[in-house]
Amino acid sequence: MTLPAQDPQLQGIELLRGVAALMVLLAHYQLQFAGRPAWLGFSQTGVDLFFVLSGFVFGPWLFGRRVDLLPHLLRRLFHIYPLYLVALAAYVALHWAQGQPPLYLLDHVFMLHTLSRDVAQHYNAAFWSLPVEVEFYLLLPLLSWFVRHGAGFGPLLVLALGLHLAVAGLAGPLAGMGGWAVATFHLSGLLCEFLVGAIGWYGVRQRPGPAASLLAGAVGGGWLLALAAYTHLAAPASGADPLRTYVAAHLGLLSALGYAGITVAVVARLQRRPLHAGLVRWTGNLSYGVYLFHNGALTLLVLAFALQGLPLVAAALLLTLAAAGLGFVAVERPVRQLGRALAAAVVVQRSRPPALA
């Protein structure tokens, strides 16, 4: 969800969206270097930060605010889909330039590409998370209804956690069947990460003081450092290591807990002392384009100029930022404004009194 960065209560979300996009970029770009530090691999959890931020933004609805269905769906459709289609076309063109036919195109157009592990990363490894976001948007009205009609947020969290544990627990033993493993990369396995973000929203709503918000950030940051050290630095124990296996199976959720603490600290801090509005606004504005285009920038530069190593990474970063900026100005901003206008028109139409016969 794009938020007005001039609002000091929401600046932190826009800033962290930019951080999440750069983390995902780093996770892919660091593969260009031999002998890279092992801890860089932890940057893949930037996707989990995105899920936490989405949960934070929709926290009011996950704690019971009613969702106006049609306006909600219109805003979400115009938010995520148009630039995705542009990016998909660019990746199809890159495949065509390499002599590869446009396979699984309809799967990607309808965001069904993550129903199969073989199809999910065919065009762009970063595309896998988008169906999860769409599933969350579609399910949000039902989640809000569930909370509002007496169940409350607590039972919803317990249900989501139970579903996550069931899916993650069976994904390994049933990996040969495919379905359970695929389910871990859909809302069935990831809903609890969105709900962790909603808990972060609830925490900020309580208006924590400087000491409390600093503590939340310190605990969250320390937890993330410990996870990164254990999963990417610590030498694996000889033989089977049940704890390491458990942490690997639940790394996304464990990371989400740390990111929720960081989010509370950053948002609460910027409520008290906002940053420059333009800087934060553009950090958030570019984040979606960076997420979509960064892998394509690498591929294009390798094809066109046979770059590698640091020159490739530096040029790809600049090209990614340029593509993200152009995508925002030419596609995201106008179509999101259109989506908001259509949603507002629906609300206005409903508010009009019926015409007299």
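User: In this predicted model, the expected span of a helix is taken as 1.5 Å times one less than its number of residues. How far apart are the end C-alpha atoms of helix H10 (residues 187-205), and what should its 19 residues span?

Analyst: Helix H10 covers residues 187-205, and at 1.5 Å a residue its 19 residues should span 27 Å. The model agrees with that expectation, because the end C-alpha atoms of H10 are 26 Å apart.

User: Is H10 mostly covered or mostly uncovered, and how many of its 19 residues are buried?

Analyst: A residue counts as buried when its relative accessible area is under 20%. By that cut-off H10 is mostly covered, the number of buried residues among its 19 being 14.

User: Are H10 and helix H13 (residues 251-272) roughly parallel or roughly antiparallel to each other?

Analyst: The axes of H10 and H13 come within 9 Å and cross at roughly 25 degrees. The contact involves residues of H10 including Cys192, Val196 and Gly200, and residues of H13 including Ala256, Ala260 and Val264. Since angles under 35 degrees count as roughly parallel, the two helices are therefore roughly parallel.

User: Is the crossing in which H10 passes H13 left-handed or right-handed?

Analyst: This turn concerns the sense of the crossing, for a pair whose axes cross at roughly 25 degrees. As H10 passes H13, the crossing is right-handed.

User: At which residue does a kink lie in helix H4?

Analyst: Helix H4 (residues 69-97) has 29 residues and reaches 42 Å from its first C-alpha to its last, close to the 42 Å expected. Within H4 there is nevertheless a kink of about 30 degrees, and it lies shortly before the proline Pro82, at Phe78.

How values were computed:
Residues are numbered from 1 along each chain as its sequence is written. This is a predicted model: local features need pLDDT of at least 70, side-chain atom pairs count only at pLDDT 80 or more; totals for chains, interfaces and linings use all residues. Side-chain values use heavy atoms; hydrogens and water are left out. Helices (H or I, at least four residues) and strands (E, at least two) are DSSP runs, numbered from the N terminus. The bend at a residue is the angle between axes fitted to the seven residues ending there and the seven starting there. Buried means under 20% relative accessible area, exposed over 50%, partly exposed in between (1.4 Å probe, protein chains only). Axes are lines fitted to C-alpha atoms, for helices over the stretch in contact, and angles run from 0 to 180 degrees between N-to-C directions. Angles under 35 degrees count as roughly parallel, over 145 as roughly antiparallel, 65 to 115 as roughly perpendicular and the rest as oblique. A crossing is left-handed if the near helix is turned anticlockwise from the far one by less than a right angle, and right-handed if clockwise. Contact means heavy atoms within 4.5 Å.
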